[in-house]
Amino acid sequence: MERDFDILSKGVYRHSYISDFLYVKYYMFVRKNGKKYLSVQIENGSDAVFDSISFTVVALDMQGEVIERIPVTYSDITLRPKDTFTGEKMIRVSSECSDFKIIFDRAYSNDVLYSEQGGHVMTRYARKSALSLAQISAKKDSAPKPVRKKGFLMALAALAAVAIIIGADLAYIFGSISAETERRREEAAEKYEWEEQDEVNYLE
């Protein structure tokens, strides 16, 4: 069967990884229909059987600078311990991409969530929702959504209410300070008048 793509480069993944978790063994850059793609072979180095995995491809140029970050999700799979997995759909990358790093964001083994954090594997119980992992990934990794008009107006109203409360508090504080200052001024004036009267009486 004739290939419908050209292999640009392939090799062993050379960046650091966590040996007792998911990691990339091999990679391959190819060109198909004038576009550049990346294919990776993932191995399960843990004791868990993963049914969904999600990771980020950090695409790098020849100088090692980040070009883009590409979220990738594979769901409804069965990746057993020591097995390897290569997704059927290759990952589209920029034509300037010459290297990459993989960050494994999360992987599910039934309702146990595995994630990579600071070079360590973290696990916690996390029941999957009705949404597919692909939908969850898209919601997390997509660009921020514009604020709707209703929500924006509510936010403005809340800020205005906070400003009014703060203003009232400040007015009370400054009013209290002014009243106390006036009271002390009057006491000082009265004391001065009494002292002046005592001095007059003494002189008489």
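Reader: What share of the contacts in the protein between residues at least 6 apart in sequence joins residues at least 24 apart, and what makes two residues a contact?

Author: Two residues are in contact if they have heavy atoms within 4.5 Å of each other. Among the contacts in the protein between residues at least 6 apart in sequence, 58% join residues at least 24 apart. The model is predicted: local features need pLDDT of at least 70, side-chain atom pairs count only at pLDDT 80 or more, and totals for chains, interfaces and linings use all residues. Residues are numbered from 1 along each chain as its sequence is written, and side-chain values use heavy atoms, with hydrogens and water left out.

Reader: Which elements does the protein contain, and what makes a stretch a helix or a strand?

Author: Both are DSSP runs numbered from the N terminus: a helix is a run of H or I with at least four residues, and a strand is a run of E with at least two. The protein has two helices and ten strands. From the N terminus on, the order is β-β-β-β-β-β-β-β-β-β-α-α.

Reader: Why does S39 count as buried?

Author: Buried means under 20% relative accessible area, exposed means over 50%, and partly exposed lies in between, with a 1.4 Å probe and protein chains only. S39 has 14% relative accessibility, which is under 20%, so S39 counts as buried. This residue is found in strand β3. Leaving aside neighbours within four places in sequence, S39 touches Y26, Y27, M28, T86 and M90. S39 and M90 are 51 residues apart in sequence, and their C-alpha atoms are 5.2 Å apart in space. For the protein as a whole, 29% of the 204 residues count as buried.

Reader: Why is the pair of D99 and R14 called a salt bridge?

Author: A salt bridge requires a side-chain nitrogen of Lys or Arg within 4 Å of a carboxyl oxygen of Asp or Glu. The closest N and O atoms of D99 and R14 are 2.6 Å apart, which is within 4 Å, so the pair qualifies. The pair links distant parts of the chain, 85 residues apart: D99 is in strand β8, and R14 is in the loop between β1 (6-12) and β2. D99 is buried at 16% relative accessibility, whereas R14 is exposed with a relative accessible area of 65%.

Reader: How many salt bridges does the structure hold, and what makes K25 and E43 such a pair?

Author: The structure holds two salt bridges. K25 and E43 meet at 3.2 Å from N to O, so this pair also satisfies the limit of the definition. K25 lies in strand β2 and E43 in strand β3, so the salt bridge ties together parts that are 18 residues apart in sequence. K25 is partly exposed because its relative accessible area is 27%, while E43 counts as buried at 12%.

Reader: Why is β4 described as largely enclosed by the rest of the structure?

Author: Nine of the nine residues of β4 are buried, so the description follows. Both faces are covered: S52, S54, T56, V58 and L60 are buried on one side, and I53, F55, V57 and A59 on the other. In a regular strand, side chains alternate between the two faces of the sheet.

Reader: Which strands pair with β4, and what makes two strands a pair?

Author: Two strands pair if DSSP finds at least two bridges between them. Nine bridges join β4 to β8 and eight join β4 to β5, so both cases meet the requirement of at least two. Both pairings are antiparallel. Y108 in β8 is the bridge partner of S52, and I70 in β5 is that of V57. These strands belong to an open five-stranded sheet with the order β5-β4-β8-β9-β10 and antiparallel pairing.

Reader: Why are β5 and β10 called edge strands?

Author: Each of these two strands pairs on one side only.

Reader: What makes a set of residues a nonpolar core, and which residues of the largest one touch the most other members?

Author: A nonpolar core is a set of buried Ala, Val, Leu, Ile, Met, Phe, Trp, Tyr and Cys residues joined through side-chain atoms within 4.5 Å. The largest has 29 residues, among which L22, F50, I53, F55, V57 and I91 touch the most other members. Strands β2 (22-32), β3 (35-44), β4 (52-60), β5 (66-74), β7 (91-93) and β8 (99-109) each supply at least two residues of this core.
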